[in-house]
Amino acid sequence: MAKPDRPGSASRTYPRSLALILLNLGMLMVILDGTIVTVALPAIGEDLGFSSADLAWVMNIYMIAFGGLLLLAGRLGDIFGRKRMFLAGLAVFTVASVVAGLATSPELLLIARFVQGAGGAMSSAVSLGMIVTLYPEPAEQGKAIGAFSFIGAAGASLGLVLGGVLTELANWHWIFLVNLPIGAVTLLLASRVLAADTPTGPRGKADVVGAALVTAGLMLLVYAVVEAEKYGWSSGRTWGLVAVSFALIALFAVRQAKADTPLIPLRTFRSRNVTGANFIQVLTIAAMFGFQVLVVLYMQHVLGYGAAKTGWAMLPTAVAIGAVSLGVSARLIARFGARNVLLTGLLVLTAGMLYLVRVPVQGSYAVDLLPVFALLGGGGLVLPALATLGMSDARPEDAGVVSGLFNTTQQIGAALGVALLNTLSTSRSEDLLAEGKDTATALTGGYHLAFAVGTGLLAASAILTLIVLRTPRGTSTEVAASADATPAPQTALHV
């Protein structure tokens, strides 16, 4: 993807750091739109007439489309070129954002959000693979992955801030329309700065049948969890839907073993680091993304915060994650190994989530919330380490699809986390209301249960890290020494 300067070359050149910025900017838009709607949901529901039961689908349908199509997009990027896939995804995402911003009915907004998720999958699926190719040296790659992980973690928190500010200063339509100028500029620059890459994957048709199976299976699974609030966890309907979803996912696995050009070759899962890192990521992101949604609801419905105040209250999380992921994560991974850094970060996150289990009805921001938001800086250790482990054994011809797998498990974890923790919280609150508790007490009791389950998910991630993962080669003290050395001149990208 990157080539050295050639004397007498007529092509214009750009530093690869600019390519990294553009790849991260495209990713930032996609991540922001996963959370930017959170604080605007009440305004969207009131304006468009969503029922309370259907309002969660404004978030879930985006994450389902995103997570379900990432594997297909990653393989298409390997087959037809990652630059083409990245640019096409940006274009689809930007146009769908405009439609969402102009939506006047629930149906149109949900369709636009699904297409947004598809465009986000197209651009995001190849981003990490392009970054790994762009920065092949371990020390530089660690820093680049740290920046990418910062976008993934802090971007979600920044979405809450922007969503609150835009909703109060203008209206909810602008949380989508703001993507038009950003997307257009990023698309224009990326088309010139990113070098055209040579497809590395197997030639042939992409596995559309496999994509349909995995997307349907994942969508049905999230739907079953969301609807469990209405029909109950013990109902035959709920577990019937879960069984069908697992059957579809099993058929997808069988399909991958037989397809000429599978979405993800099954040999990928022979690596305990790739398999383990992705499974741990599902648990971790489920806990943390579910936390972000529920702590927002706690601040608004129990403490009485407005949209903008809620967003600003979450800002320390983005600052803490950014300081850790950009400032120290790469050096810590190089010196102590990705597995040890991941374990440390998970323990910090577990402590933060556990602290929330006792959050009171008359909570104080400084005493009950700010310490948690500071501890969430552990996410700046977790995500770079997971990305390093998740990409550690990827072959060059599979970099796009392994990148797509990593992003898939992130989005599926987010969708399942929101669905599961929100459903558990709502069910518990309804039980407390039936017992005669006041609304604030009942809501807080529901949040306590959800935070306790989130703590369990993070603790399970830490245990699996100890049992399953191994530090990959290239993250040693020798690499740490190279990280301290003066970097070589940056390679230029040709247009």
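This passage walks through the fold, the helix packing, the core and a few individual residues of a predicted model.

Start with the overall picture. The protein chain runs to 495 residues, and 58% of them count as buried. Its secondary structure amounts to 22 helices and 2 strands. Contacts reach a long way along the sequence: take the pairs that are at least 6 residues apart, and 86% of them turn out to join residues at least 24 apart.

Helix α4 is a good place to look at packing. This helix (residues 57-80) meets helix α6 (residues 106-124), with the two axes coming within 7 Å and crossing at roughly 35°. The crossing of α4 and α6 is right-handed. On the α4 side, the residues involved include Trp-57, Ile-61, Tyr-62, Phe-66, Leu-69 and Leu-70, while those from α6 include Leu-109, Leu-110, Arg-113, Phe-114, Met-122 and Ser-124. Sorted by class, the contact comprises 16 nonpolar, 4 polar and 1 charged residues.

Helix α4 also packs against helix α1 (residues 16-35), here at an angle of about 145° and with the axes 9 Å apart. From α1 come Val-30, Asp-33 and Gly-34, and from α4 come Met-59, Tyr-62 and Phe-66. That makes 4 nonpolar residues, 1 polar and 1 charged in the contact of α1 with α4. Met-59, Tyr-62 and Phe-66 turn up in the contact with α6 too.

Ser-124 helps tie this region together on paper. This serine sits in helix α6 and counts as buried because its relative accessibility is 0%, against a cut-off of under 20%. Setting aside neighbours within four places in sequence, Ser-124 touches Met-27, Val-30, Phe-66, Leu-70, Ser-403 and Asn-407. Of these, Val-30 belongs to the α1 residues that meet α4, and Phe-66 and Leu-70 are on the α4 side of the contact with α6.

What about the nonpolar interior? The largest nonpolar core takes in 137 residues, and the members touching the most others are Phe-86, Leu-109, Phe-291, Met-299 and Phe-451. Helix α13 (residues 272-301) supplies the largest share of this core, 16 residues. Leu-109 is also one of the α6 residues that meet α4. As for Phe-86, its contacts beyond four places in sequence are Leu-22, Leu-23, Gly-26, Met-122, Ser-123, Val-126, Ser-127, Met-130, Ala-190 and Leu-194. One of these, Met-122, is in the α6 part of the contact with α4.

Charged pairing is a short story, as the structure holds 1 salt bridge. Asp-368 and Arg-358 form the pair, and their closest N and O atoms are 2.9 Å apart. Asp-368 belongs to helix α18 (residues 365-375), whereas Arg-358 is in the loop between α17 (338-356) and α18, with 10 residues of separation along the chain. The two ends differ in exposure: Asp-368 counts as buried because its relative accessibility is 5%, while Arg-358, with a relative accessible area of 40%, is partly exposed.

A last stop is Val-165, which is found in helix α8 (residues 138-169). Val-165 and Lys-309 are 144 residues apart in sequence, yet their C-alpha atoms are 8.3 Å apart in space. Apart from residues up to four places away in sequence, Val-165 touches Ala-170, Ala-308 and Trp-312.

Key
Residues numbered from 1 in each chain as written. Predicted model: local features only at pLDDT ≥ 70, side-chain atom pairs only at ≥ 80, totals over all residues. Heavy atoms only, no water. Salt bridge = Lys/Arg side-chain N within 4 Å of Asp/Glu carboxyl O. Helix = DSSP H or I, 4+ residues; strand = E, 2+ residues; numbered from the N terminus. Buried < 20%, exposed > 50% of the residue type's maximum accessible area, 1.4 Å probe, protein only. Axes fitted to C-alpha atoms, helices over the stretch in contact; angles between N-to-C directions. Left-handed = near helix turned anticlockwise from the far one by under 90°. Contact = heavy atoms within 4.5 Å. Nonpolar A, V, L, I, M, F, W, Y, C, P; charged D, E, K, R; others polar. Core = buried A, V, L, I, M, F, W, Y, C linked by side-chain atoms within 4.5 Å.
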